[in-house]
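Please open the model in your viewer and keep the sequence panel visible beside it. The tour proceeds by selection, one stop after another.

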Amino acid sequence: MIIKKYAAIDVGSNAVRMLITNIIEDKGKEPKFKKSSLVRVPIRLGQDAFTTGEISEANIEKMKDTMNAFKLLMKSYGVIKYMACATSALRVANNGKTVVNLIKEASDINIEIIDGKKEAAIIASTDLKSFINQDSNYLYVDVGGGSTELTIFSNGRIIKSKSFKMGTVRLINNTVNEPVIWEKIKNWIQVNTADFNKITMIGSGGNINKIHKLSGKTVDKPLSYIFLNAQYHFFNAMSYSDRISEIGLNPDRADVIIPALKIYLNAMKWSGSKKIYVPKIGLSDGMVKTLYYNDN
């Protein structure tokens, strides 16, 4: 048996995360991927990118400190390979490439700014197969701070995939033309799910993970549209401070959870899905898989 440690660094619009995974290789068996550690740092790069158009000096310094900390953690864990990707915020920031270069100088960590298409492809390479029945149809929805990735699965294969510039941080900062983008998402979902009699949704992202955790359900149990809708109205009726003090949400989660729920609910309504599974996998998991299988 051989155990390899890989890391994935996801530089998102609402937070920066590092996932460390143990990959267990046993002769004659498929490799097993076991999450070892997940570190999340609430640096809201999207607040800068979607309002002023560039990452602030303060957040650049936070990023340098965070990446240096991640580098030390990877050394302590014995990580042999890592992959670091930046999504929507650094993608649209005027100084995105400059920020990546400054982080490289400060920490020696290479960050790749990926487009929406590649982001969707990496997410789709996760462990979804264990949640997908070959004879069923699925709409996979990943909601981030800056973008939402939609993927249609049918008969175990990807049929269609699309990235939209609609995310929770964009929505709370009013930096999108909501009537236009909602209509685009609605049309895409309805057109691409029209041929299916029944479709089930799969959701990923920190907000739906949190809702699923609060529900007390196990990973194999889905959430219903009725439950999700009730949660949306419950949180929406509360003040920001009450969501933190009474529910225990983190400050950087308490504001974005409402627009996130709105995206998932609309996707369910437009696809006709009555339930959503939450396997708690996402871009970081996909990066580990991509890194590993590209080497083997």
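Select Gly167, which counts as buried because its relative accessibility is 0%; buried means under 20% relative accessible area, exposed over 50%, and partly exposed in between, with a 1.4 Å probe and protein chains only. Gly167 is found in the loop between strand 8 (157-164) and helix 6 (168-172). Helices (H or I, at least four residues) and strands (E, at least two) are DSSP runs, numbered from the N terminus. Which residues does Gly167 touch, leaving aside its neighbours within four places in sequence? Gly167 is in contact with Gly144, Gly145, Gly146 and Ser147, where contact means heavy atoms within 4.5 Å. Now add Glu149 to the selection: its C-alpha atom is separated from that of Gly167 by 9.6 Å, and the two residues are 18 apart along the chain.

A note on the model is needed here. This is a predicted model, in which local features need pLDDT of at least 70 and side-chain atom pairs count only at pLDDT 80 or more, while totals for chains, interfaces and linings use all residues. Residues are numbered from 1 along each chain as its sequence is written, and side-chain values use heavy atoms, with hydrogens and water left out.

**The six-stranded sheet**

Select strands 8, 7, 6, 9, 11 and 10, which form an open sheet in that order with mixed pairing. Strand 8 and strand 10 (223-224) stand at the edges with a single partner strand each, so one side of each is left without a neighbour in the sheet. Two strands are said to pair if DSSP finds at least two bridges between them. Strands of a sheet pair through backbone hydrogen bonds, either parallel or antiparallel.

Begin with strand 7 (residues 148-154), which pairs with strand 8 in the antiparallel sense over seven bridges. In this pair, Ile152 stands opposite Lys160 in strand 8. Next, display helix 5 (residues 116-124), which packs on the sheet and touches strand 6, strand 7 and strand 8. The direction of helix 5 makes about 50° with that of strand 7; axes are lines fitted to C-alpha atoms, for helices over the stretch in contact, and angles run from 0 to 180 degrees between N-to-C directions. Helix 7 (residues 178-193) also packs on the sheet, touching strand 6, strand 7 and strand 8, and its direction makes about 175° with that of strand 8.

Move to strand 9 (residues 200-204). Five of its five residues are buried, so strand 9 is largely enclosed by the rest of the structure. Thr200, Ile202 and Ser204 are buried on one side, and Met201 and Gly203 on the other. Strand 9 pairs with strand 6 (residues 137-143) in the parallel sense over five bridges, and here Val141 stands opposite Gly203. Strand 9 also pairs with strand 11 (residues 275-277), again in the parallel sense, over two bridges; Ile202 stands opposite Tyr277.

**Helix 8**

Select helix 8 (residues 206-215), whose buried residues are Asn207, Ile208, Ile211 and His212. Seen down the axis of helix 8, these buried residues fall within an arc of 135°, so they line one face of the helix; the arc is that of the directions from the helix axis to the C-beta atoms. Just after helix 8, Gly216 takes a positive phi of about 80°.

**The five-stranded sheet**

Select strands 3, 2, 1, 4 and 5, which form an open sheet in that order, with mixed pairing. Strand 3 (32-41) and strand 5 (112-113) stand at the edges, each with a single partner strand, so one side of each is left without a neighbour in the sheet. Strand 1 (residues 2-11) and strand 2 (residues 16-25) run antiparallel and are joined by ten bridges. Within this pair, Lys4 stands opposite Ile23 in strand 2. Add helix 13 (residues 283-295), which lies across strand 1, strand 2, strand 3 and strand 4 (81-86), running at about 130° to strand 1.

**Two loop residues**

Most residues other than glycine have a negative phi. Select Asp108, which has a positive phi of about 65° although it is not a glycine. Asp108 lies in the loop between helix 4 (96-107) and strand 5 and is partly exposed, with a relative accessible area of 43%. Lys280 has a positive phi near 60°; its place is in the loop between strand 11 and helix 13. At 27% relative accessibility, Lys280 counts as partly exposed.

**The whole chain**

Finally, display the protein chain, which has 13 helices and eleven strands. Of its 296 residues, 52% count as buried.
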